[in-house]
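Me: I would like to learn how to read a helix and its surroundings in a model such as this one. Could we go through it step by step?

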Amino acid sequence: MSHPVNQLFYVLGVLFLFLILMEAINLIAIQPRSRKTVATVTKIRLRSAEDSRHAGPFSGKQKRKKNMAYVTYSVDGRSYFSQREIPVSADKDIGSQVTVWYAVLFPDTLIDPPSYVKLVLFTLLSLLMFLAGFLL
């Protein structure tokens, strides 16, 4: 580990390990204490040209752009208004129904839907960084 490039790859590998840990905590501790419900879109913010420029190099025209929206949903007879915007497909309009995930103990808090994709991606990237640090 005498070369600075090796050390850089090892540091990146450790950073990805921390991201793996955060995703694992999310999937093990937070997601089981969440439920999904149907929400109604109340306000939509259309993506501007500046937002679409930051979409990434692989976002071609075949991929539909997502808009950001505030929603209203009901849990146990009580209505809640989302405190943050959530992404909705471009074909959704005000009054459309979407599925959202909320924390059981804090129903006014929306959370991201469960996904193992990030966990697998971070694991592969971490292994790749450690391998690159070892081989270089």
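Reply: Let us begin with packing: H3 is included in what covers the buried residues of H1. This is a predicted model, in which local features need pLDDT of at least 70 and side-chain atom pairs count only at pLDDT 80 or more, while totals for chains, interfaces and linings use all residues. Residues are numbered from 1 along each chain as its sequence is written, and side-chain values use heavy atoms, with hydrogens and water left out.

Me: Which residues of H1 are buried?

Reply: An α-helix has 3.6 residues a turn, so residues three or four places apart point the same way. In H1, the buried residues (under 20% relative accessible area, where exposed is over 50% and partly exposed lies in between, with a 1.4 Å probe and protein chains only) are Asn6, Phe9, Gly13, Phe16, Ile20, Glu23 and Leu27.

Me: What should the 27 residues of helix H1 span?

Reply: Helices are DSSP runs of H or I with at least four residues, strands are runs of E with at least two, and both are numbered from the N terminus. The expected span is 1.5 Å times one less than the number of residues, which for H1 (residues 4–30) gives 39 Å, and the end C-alpha atoms are 38 Å apart, in agreement.

Me: Which residues does Phe130 touch?

Reply: Contact means heavy atoms within 4.5 Å. Phe130, in helix H3 (residues 117–135), touches Tyr10, Gly13, Val14 and Leu17, not counting residues up to four places away in sequence. Phe130 and Gly13 are 117 residues apart in sequence, yet their C-alpha atoms are 5.5 Å apart in space. Phe130 is partly exposed, because its relative accessible area is 26%.
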